[in-house]
Amino acid sequence: MRWLVLSLMVCFSGPVWAEEAKPLAEDPVVEARLKHLAVELRCLVCQNQTLADSNAPLAEDLRREVREMLAKNMSDQEVIDFLVARYGDFVLYRPPLKATTTLLWVGPFVLLTIGATALVVTLRRRARKVVDVPVTDEEQRRVEQLLAEGGKRS
Amino acid sequence: MNRFLLPLSIFIVVVGFLGVGLKLNPREIPSPLVGKAAPDFSQPHLADPEQVFAPADLKGKVWLLNFWASWCSGCKTEHPVLMELAKSGEVPIYGMDYKDQRDEALTWLRRWGNPYPVVGVDEAGRVGINYGVYGVPETYVIDKQGMIRYKQIGPLDSETVANKIIPLVKQLESQ
């Protein structure tokens with residue numbers, strides 16, 4: 001009988017502990033989606049932090065809003081649209097390709113192309129400057145003589 | 001001479017970009033809400049939580065909506081400017097007490113003066129999120145149709161009030 005009670009206690013104490021150690025999130029699916037989404041979003045107060053990293057009160061509020069929206073089964077895109085409508089493209093770490101952001105997206109590639117072209121042009125020009133000058137027999141003898149003398153001195 | 005012309009011109013262009021960059025304020029993020037309808041809300045009054053403050057009550061008027069809080073130091077800086085503007089009677093300034101304690105907000109207004117005919121309470125910061133507030137104080141100019149016409153990020157100073165807010169309000173009033 002005692003063993004039965006003990007084993008029952010052990011059996012039932014497990015879930016009780018699990019209850020206590022439950023993560024803060026109500027719904028792990030929502031929390032996983034929030035985590036995934038929040039690293040793509042910029043905190044507007046600490047501008048170089050993501051919404052996931054920031055402890056600013058606004059970031060907490062925005063996480064709460066996003067969590068609620070996700071709990072209501074809204075898609076990631078709907079959540080992003082909600083934030084962009086209020087804070088502009090700035091909340092996105094990956095700004096969309098638009099007329100105003102073309103320089104941002106295309107700029108680095110333009111610079112890369114300019115650099116590569118300049119490199120190729122310079123190398124070609126330099127290659128053309130180096131001209132083969134044949135050494136005459138007289139010069140060849142002189143070189144050998146100088147080398148021989150140098151060898152002696154050292 | 002020609003050798004130096006290209007690097008020099010590149011240098012000048014880069015310096016030009018950096019110079020423009022220095023003048024930009026990264027804190028000022030252009031609001032996508034300017035030119036759009038002011039988000040609706042109905043919040044309790046700070047002075048009397050039984051009463052409700054909603055933008056619909058102000059249709060047909062040009063008004064300012066000022067997000068502030070007793071914990072916000074920029075709001076203290078801005079406060080004399082608001083008092084001055086309220087006294088001039090050019091435009092009514094409605095307040096939104098953002099993420100604040102009621103008694104502290106009331107004490108703050110008693111101590112420094114109250115430029116607002118009505119202050120709404122946004123304890124959870126939800127109205128703030130709908131208006132794209134990311135740092136108080138922020139001030140919105142809202143026209144007769146309930147459209148946001150201008151957003152001031154950070155404290156208003158008397159220069160901005162004289163050069164931007166008042167001319168804009170006058171223009172909107174005449175529409």
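**Strands, a helix and a contact in a predicted model**

Trainee: What makes strand 6 (residues 138-142) and strand 7 (residues 148-153) of chain B a pair?

Mentor: Five bridges join strand 6 of chain B to strand 7 of chain B, and the two run antiparallel; because strands pair if DSSP finds at least two bridges between them, these two qualify. One bridge partnership is that of B:I142 with B:I148 in strand 7 of chain B. Strands here are DSSP runs of E with at least two residues, helices runs of H or I with at least four, both numbered from the N terminus. This is a predicted model, in which local features need pLDDT (the predictor's confidence in each residue, from 0 to 100) of at least 70, side-chain atom pairs count only at pLDDT 80 or more, and totals for chains, interfaces and linings use all residues. Residues are numbered from 1 along each chain as its sequence is written, while chains are lettered from A and ligands numbered from 1 in the order in which they are written.

Trainee: Which residues of helix 5 of chain B are called buried, and why is that word used?

Mentor: They are B:V161, B:I165, B:V169 and B:L172; the word applies because a residue is buried if 20 or more other C-beta atoms, placed from the backbone, lie within 10 Å of its own.

Trainee: Where is the kink in helix 5 (residues 158-173) of chain B?

Mentor: The kink, about 30°, lies at B:I165, shortly before the proline B:P167, the bend being the angle between axes fitted to the seven residues ending there and the seven starting there.

Terms used: Buried ≥ 20, exposed ≤ 12 C-beta atoms within 10 Å, placed from the backbone.
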